[in-house]
Amino acid sequence: MTGSLDIISVGAPVTVQDTGRPGQMHHGVPPGGPLVPELLALSNRTVGNPHWAAALEAFGRVELRARGRPLRVSVDGRIHTLADGESLLVPAPETRSVRYVAVEGGLAVPAVLGGRGTLLVAKLGGHAGRLLRAGDTLPLGAANAPASFQALGDTLDTAAPIRVTLGPDTRRFEPATVATLLSATFTVSASSDRVGMRLEGPALTHGDEGAGTSRPMVRGAIQVTLSGTPIVLGPDHPTTGGYPLIATVIRADWGTLCARRPGTPVRFQGVSLDEARHAWREFAERLGLGERHSP
Amino acid sequence: MTECLLNVDLGELPGEDAQLYALAHIANIACGGHAGDDASMRHALELCERHGARAGAHPSYEDREGFGRRALDVTPEQLRNQIEAQCARLRALATERRLPVRYAKPHGALYHAANAAPALARAVVDGVVSALGTDVTLIGPGAGALRDAARAAGLSYAREGFADRGTLPDGSLIPRGQPGAVLTDHALARANTVRLATSGNVDTVCVHGDTPGAVELAREVRATLDALALPSEPLGDGALRLVLPEGIERRAARDALSALPRVLDAVITEEHACVYFRPDAPPEEPRLALARLLRVPPTNGERPLTTIRVRYDGQDLHAVAARAGLTEAEVARCHTAREYTVRCVGFLPGFAYLGEVDPRIAVPRLSTPRTRVPALAVGIAGERTGVYPFASPGGWNLIGTALDFTAFTPEQGAALQLGDRVRFEQVGG
């Protein structure tokens, strides 16, 4: 008896997300994955799921109901137990950009190209490739053995400086512009989504006419538009692009950046590639990310 | 990393392969000491000019009988004069062809003897400077008397490694005549070249023109050096952006890169390749995979041809025609007249960049992108054309609408893959 999850109402975009579909960029398919990898892992682990299981990524309020069996539900690591037919109102996130709602057994929407997450631009994955709405019913996987789980400390520090490696297009910027990136305080723009986070602050001007041909992209790359606005590419970024990349956010800091709500300050700190790799190893160990489907 | 150059000892033997002059960055031309005469030097200089190798002098002890491989007992003064005479002879012949001689490398036994004896090293450098001036790079061992003497005289110095010579664990060369002294196996020579060129201690590597299979070996070494000279830039901690070498087959490049251990994905764009990996598990030098491809081009069959039916009704068709000075019907004819090739796949799932567009209709992208381009719109941006697989923002000039075309399916991925051929066919009036 696997049961299902009813969506009673939603207040802002809610999608199904997992740790993404790496390895499909050559089809033009971005890697996907959670905006805040550590929160998805935390929610999943607290209900006994593997860290990569599909869950809800909610920008706003969402109301759910257990159907067919009692359910244990984790909201950013806080567990709720629902009787069959009982509903739960998950309030809109208050301190962060999103909440993760994991259900024991995981959301068993079909895997597409190796992932269950929603890619809105291609209407792919998740529930019919779209935002969830009232009346949707999501299938659930079989519940795992009760989690013998030790509470993970919630270590998200959304005030910490965001670490970047400079480049690869640093040469296309004046040294003073690079210095501005590393010294100024930016704020998260309201027009940010899973494709990219737009930052407000001093313009990072460059003489680039944007005539450059398309180049490879990666999540975390900070592209700078013709008007000097930095955009940090998110999990659903276009796989190629023409704007110069002034720096790239290290992978260990994707979550502490993307957890920030519009209006939150962002400062950047340059680190070496070795420091970035060291930070990643620590991050992966802390979250217990195995080989499979690491974000 | 600055470029590591290939130098080849040439003009030594009759019947040497002219291809070596195309593979060498620097030709060390024997100038009468251990081998070579006016005729061989003229021939070598002519081949340098024709194939683009830079000419260098390769002076030696005067010992043609022993091919310069025996240490001789000459005074520094005698040695200086011998080196000067040999270099001046090459210089005179080069001047006839208006070729500069900007490199010099002592040959054989002198190479080792001079490096161990400051007086001999000074004699070599004095002779070189007297004949060739100070705008010369002396090639020699990584450290020792030759480097010291070159520096004291204000010459540039290139630290040399040997691609085709085996090394002992302490880094010194295995003496000739002992097993493993000369590497004829290409894989070993390649690995040796990578080790030398990436060590930071070597500015130029040598292939001996008289090593068996020298041409193939030099080709291997040159391709390896060329690959290592291409820019390779970290794109964050989990990706590496490489500049695609000219003339490489794009689809084969993707296949080769994605087959490398630890590479999770590989993407080809107009001028770059990019490999993606876990930050704690970067792949080994992916540029070498591209070098292998350049050396042994794939023998792919012809890629499939896809015909896409198009109604030429795009919002920008009129503007494109006006800009090109053509009628709208002529724009459509220009667009359908060619066969295109998929140059890259990216931006959106299934979006294929097709080239080359007829220059008459190759209009630049819109100065302000649209926030929403409908799915299946056919666009032009510069020399590229393509079909939007999904409704999305976009800055291409829209000239039509594709009919019955599915650019992307979850089962197959992108319908158009790198290297595939595409034609457009006009439907309706």
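**Exercise 1. Helix H8 of chain B**

Find which elements of chain B pack against the buried residues of H8(B) in this predicted model.

Solution.
Step 1. List the buried residues of H8(B): Ala214(B), Leu217(B), Ala218(B), Glu220(B), Val221(B), Arg222(B), Ala223(B), Thr224(B), Leu225(B), Asp226(B) and Ala227(B).
Step 2. Look for their partners. Two strands of chain B pack against these buried residues, strand E1 (5–10) and strand E7 (204–208). The helices that do so are helix H1 (19–23), helix H7 (186–197) and helix H10 (287–295) of chain B.

**Exercise 2. The span of H8(B)**

Compare the expected span of helix H8 (residues 214–229) of chain B with the distance between its end C-alpha atoms.

Solution.
Step 1. The helix has 16 residues, and the rise is taken as 1.5 Å a residue.
Step 2. The rise is multiplied by one less than the number of residues, so the expected span of H8(B) is 22 Å.
Step 3. The end C-alpha atoms of H8(B) are 22 Å apart, which agrees with the expectation.

**Exercise 3. Domains of chain B**

State which element gives the most to the side of domain 1 of chain B that touches domain 2 of chain B.

Solution.
Step 1. Take the domain assignment of chain B: domain 1 covers 5–229, domain 2 covers 232–295 and domain 3 covers 305–426.
Step 2. Place domain 1 and domain 2 of chain B: their C-alpha centres lie 34 Å apart.
Step 3. Count the contact: 8 residues of domain 1 of chain B meet 8 residues of domain 2 of chain B.
Step 4. H8(B) gives the most to the domain 1 side, with 7 residues.
Step 5. By class, that side of domain 1 of chain B holds 4 nonpolar, 1 polar and 3 charged residues.

**Exercise 4. Domains of chain A**

Work out how many residues each domain of chain A brings to the contact between domain 1 and domain 2.

Solution.
Step 1. The domain assignment of chain A gives domain 1 as 4–139 and domain 2 as 162–287.
Step 2. Taken over C-alpha atoms, the centres of these two domains of chain A are separated by 26 Å.
Step 3. Domain 1 of chain A brings 18 residues to the contact, and domain 2 of chain A brings 14 residues.
Step 4. The domain 1 side divides into 10 nonpolar, 6 polar and 2 charged residues.

**Exercise 5. Strand pairing in chain A**

Explain why E7(A) and E9(A) each have one side without a neighbour in the sheet.

Solution.
Step 1. Write the strand order of the open sheet in chain A: E7-E4-E1-E9, with antiparallel pairing.
Step 2. Strand E7 (87–90) and strand E9 (137–139) of chain A are at the edges and have a single partner strand each, so one side of each lacks a neighbour in the sheet.
Step 3. From one strand to the next, the twist averages 25°.
Step 4. The partner of E7(A) is strand E4 (residues 62–67) of chain A, joined to E7(A) by 4 bridges. In this pair, Arg65(A) has Ser87(A) as its bridge partner.

**Exercise 6. The contact between the chains**

Describe the side of chain B that touches chain A.

Solution.
Step 1. Count both sides: 37 residues of chain B are in contact with 35 residues of chain A.
Step 2. Name the strands of chain B that each supply at least two residues; among them are strand E8 (232–234), strand E9 (239–243) and strand E13 (340–345).
Step 3. Sort the chain B side by class: 20 nonpolar, 8 polar and 9 charged residues.

Terms used: Residues numbered from 1 in each chain as written. Chains lettered and ligands numbered in written order. Predicted model: local features only at pLDDT ≥ 70, side-chain atom pairs only at ≥ 80, totals over all residues. Contact = placed C-beta atoms within 7 Å. Nonpolar A, V, L, I, M, F, W, Y, C, P; charged D, E, K, R; others polar. Domains from an automatic or database assignment. Buried ≥ 20, exposed ≤ 12 C-beta atoms within 10 Å, placed from the backbone. Pairing = 2+ DSSP bridges. Axes fitted to C-alpha atoms, helices over the stretch in contact; angles between N-to-C directions.
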